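I opened a fresh notebook page for this structure and kept a list of the things I wanted to look up. Here are the entries, in the order in which I wrote them.

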Amino acid sequence: MTLRILIHEVRELVSSALTSAGYPLTEFDVSEPPQQAFGDLSCNVAFLLSKHLKKPPPKIAMELAEALRQRIRGSSYILSMDPAGGYINFKANYARLSPAILSHVLSNPENYGYPNFGQDMHIIIEHTSINPNKALHVGHMRNVIIGDTLYRVMRATNHRTTVLNYIDDSGVQIADIVVGFKFAGFPVTPPTKNQKFDQYCGDEVYVKINEIYEKDPQVAEKRKLVLKEIEEGKSEIARFAMDITLRVLQEQLKTCWRMKAHYDLLNFETHIVGSKLWSKAFELLKSNGIAKYETEGKNKGCWVIESKEKKEEEDKVLVRSDGTATYIAKDIPYAAWKLGLVEDPFYYQEYTKQWDGSTLYATSLADVSGSNKSVDKKFNGGEQVITIIDSRQSRLQGIISQVLSKIGVNGNSHKYFHLSYEAVTLSSDTAKEFGIDIGDRQFMHMSGRKGIYVNADYVLDALHAKAYKEAKTRNPDFSDQQLNKIADEISISAIRYNMIKQDLDKIITFDIKESLSLEGDTGPYLQYAYARSQRILEKSEQGIIIAGRTNFAFEQLTHDSEIALIKEISKLDLVVENAVKSLCLKSLAHYAYNLAMTFNLFYEKVPVLREQDNEVRMARLGLVKAFGITLKNTLEVLGITALDRM
RNA sequence: GGGCCCAUAGUUCAGCUUGGAUAGAAUGGCUGCCUGCGGAGCAGUUGGUCGAGGGUUCGAGUCCCUCUGGGCCCA
């Protein structure tokens, strides 16, 4: 039993009342009214009918109420119904509802709130995909956290998930680092002790080589040479570049794993290039008449995609007249591979074990025998492909979707979906820490080239230090190991919640001071509510065993804050469903916050352990336990660990 | 020149997909609440011409149009 069933019941009642009162069946909404005083659910059908019936809504509501009143029987979960204004408000019968909801939660602790509508559908999610020449900064964190949360909620709703991380190992950015090492004298080992290799490459080599380019065009020339060698893939420089790529990648993955991100496959760009995927995809485009050869005009000698719909739009060049492919031509075959539109050219080998015990695979072009044996595994051919990239790529991604919709992706434009999000920028105060005064402006964009960004590890470390200190004052008897574990979980929770609670279309103005807050609308607030609930259960179990029991005298829970908590608990599956269907991940965060807040109110108002009446006390313990299950399952999809102590 | 996104309290944001009852949080400021199930909490108070104008509607923060300001992409 969840709120969903109650809503369904109200809908059925209203529908049949419409018929018997002589009104036409029409679409209407059943939702929660803005205030508890109006009831538990509210129906707006009278407003909608008044439009074409030219009758005032309150009058229609009154008439419908008559028909409804006869239908509400004693066996129903609905206690009463009242027309108010034009609304029809319903009050739930919690004496029946509460036992049904709470015993359902208690008997499904593992998967309560996770509706099974995925039905094993294969969803491919790509996220992270950071150039392997630098460490993650806060902007990358947003990408990782959006992607991993999506993966978690898809997995929880029984989708078959494959998470890809695209490694651009043949781009200019990696070439810049190689130039730094080979032609500008940077030592390959970081001169500062214990410096992470990704930070060294990004914070120092990359920033300084860009300064050198400005002054010395001869060094800038070397970049072209290095790029060419990497593309050809055989030389000593190419091998060196791959070595650097893998070392940076390893450090990047450590940071991602620190945030509890999970991946299934690393897709190396050099493998995509070397696999001849492009020529297969190109043939597909030609045979479908999508790619056209221009014989005149400014694109003479190029292969282009014509845009017929809008005349103002430029035709997109795929292959230049000199035979080189554009960046669009790189992305189309990869996208076609994801959807399974071209034959899979890759071998797969085990790359490494991850933090969660799962195996991370990598693409390969050869069937390698020996220790790195290829595995027979299918990573592509998703029924839906979701790519998480920032909004600057919207145009390119739009073109790719458009092209794919013409080949094989029959009519279903949602099969290839670009999940776009806005940038993370620096607040005025945080910009000042880089010695930059941005005047009246609200934010400033980060710049990798100029070294103006906040590293992910720096934020995690700062959060960790703060959480550690706080935890130690509250738990002076805890060991260093215990405190570190707690501080890990709190720091992850703070950053993950911070990055997911905001709308994807909004620029995040990152402020280092504000991001360190552990109070109010934050991840640790959620964990705190959970820890409080677990402490109550822990203390109670010295005298009373409630483990394994699912039925209590829940009908005796009648206090406002008890009812409010039960109602909030009953909504999780609706929230999860909405999060998946509208790809609205922030709604999970908002729900978690509301649930925790509702519990905190209950905690203030209603005593549990001090309750004298044995039955009521037991019922409250059952409620506390059900709350813990619900919050824990919500936090799980957010990638936040529910802590018993903090 | 063309396309996409954003604008709500001092600040950071919910609410807009699907129009509806008194526009909500957090944070900051001020004030209370720990011999009590953990104060990373709770309560109160302060703070809003929902960027501007027009339109649709019985009803617009929400839908449509124009404009302004900011951001991004393409040329």
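**Entry 1: a lysine and its partner**

I started with Lys182, which is partly exposed, at a relative accessible area of 34%. I kept in mind from the outset that this is a predicted model. Which residue does Lys182 pair with in a salt bridge? I found Glu236 there, with the closest N and O atoms 3.3 Å apart. Lys182 sits in helix 6 (residues 172-183) and Glu236 in helix 9 (residues 236-258), so I noted a link between distant parts of the chain, 54 residues apart. Glu236 also counts as partly exposed, with 43% relative accessibility.

**Entry 2: the whole chain**

Next I stepped back to look at chain A as a whole. I noted 22 helices and 18 strands in its secondary structure. The C-alpha trace spans about 85 × 65 × 60 Å along its principal axes. How many of the residues are buried? Of the 646 residues, 54% count as buried. I also looked up how far the contacts reach along the sequence: taking those between residues at least 6 apart, 73% join residues at least 24 apart.

**Entry 3: two domains**

I turned to the domain assignment of chain A, which gives domain 1 as 3-92 and domain 2 as 98-118 + 519-638. I noted that domain 2 is written as two stretches of sequence. The C-alpha centres of the two domains are 29 Å apart. Where they meet, eight residues of domain 1 are in contact with eight residues of domain 2. Together the two domains bury about 710 Å², and carbon and sulfur atoms carry 45% of that. Which residues of domain 1 lose the most area to domain 2? They are Leu3, Arg4 and Glu32, which together make up 74% of what that side buries.

I then looked up the polar side of this interface. I found five salt bridges between domain 1 and domain 2, and six residue pairs in polar contact. By class, the domain 1 side that touches domain 2 has three nonpolar, two polar and three charged residues.

**Entry 4: Glu32 and its two lysines**

Glu32 had come up among the residues losing the most area, and I wanted to see its partners. One salt bridge runs from Glu32 to Lys567, with the closest N and O atoms 3.1 Å apart. Another runs from Glu32 to Lys571, at 3.0 Å between the closest N and O atoms. Glu32 lies in the loop between strand 1 (30-31) and strand 2 (41-43), while Lys571 is in the loop between helix 19 (560-569) and helix 20 (572-581), so this pair ties together parts 539 residues apart in sequence. Is Lys571 buried or exposed? Lys571 is buried, with a relative accessible area of 13%. Glu32 is partly exposed, at 36%.

**Entry 5: a salt bridge within a helix**

The structure holds 36 salt bridges, and I picked one within a helix to look at next. The side chains of Glu577 and Lys581 meet at 2.9 Å, N to O. Both residues lie in helix 20, four residues apart, which is about one turn of the helix. Glu577 counts as buried, at 18% relative accessibility. The cut-off for buried is under 20%, so Glu577 falls on that side of the line. Lys581 is exposed, at 57%.

I also wrote down a network here: salt bridges that share partners join Lys196, Asp198, Glu251, Lys254, Arg258, Asp457 and Asp461.

**Entry 6: Lys196 within the network**

I followed up on Lys196, one member of that network. Where is Lys196? It is in the loop between helix 6 and helix 7 (197-215). Lys196 counts as buried, with 18% relative accessibility. Its side chain makes a polar contact of 2.8 Å with the side chain of Thr255. Setting aside neighbours within four places in sequence, I found Lys196 in contact with Glu251, Thr255 and Asp457.

**Entry 7: Glu383**

My last lookup was Glu383, in the loop between strand 13 (374-375) and strand 14 (384-390). Glu383 counts as partly exposed, at 42% relative accessibility. What does Glu383 touch? Not counting residues up to four places away in sequence, I listed Met121, His122 and Lys415. I also checked Glu383 against Cys256: they are 127 residues apart in sequence, and 26 Å apart in space from C-alpha to C-alpha.

Technical notes
Residues are numbered from 1 along each chain as its sequence is written. Chains are lettered from A and ligands numbered from 1 in the order in which they are written. This is a predicted model: local features need pLDDT of at least 70, side-chain atom pairs count only at pLDDT 80 or more; totals for chains, interfaces and linings use all residues. Side-chain values use heavy atoms; hydrogens and water are left out. Domain bounds come from an automatic or database domain assignment. Contact means heavy atoms within 4.5 Å. Buried area is the accessible area (1.4 Å probe) that two parts lose on being put together, summed over both. A salt bridge is a side-chain nitrogen of Lys or Arg within 4 Å of a carboxyl oxygen of Asp or Glu. A polar contact is a pair of N or O atoms within 3.5 Å; within protein, one must be able to donate a hydrogen and the other to accept it, and residues adjacent in sequence count only if both atoms are side-chain atoms. Ala, Val, Leu, Ile, Met, Phe, Trp, Tyr, Cys and Pro count as nonpolar, Asp, Glu, Lys and Arg as charged, and the others, Gly among them, as polar. Helices (H or I, at least four residues) and strands (E, at least two) are DSSP runs, numbered from the N terminus. Buried means under 20% relative accessible area, exposed over 50%, partly exposed in between (1.4 Å probe, protein chains only).
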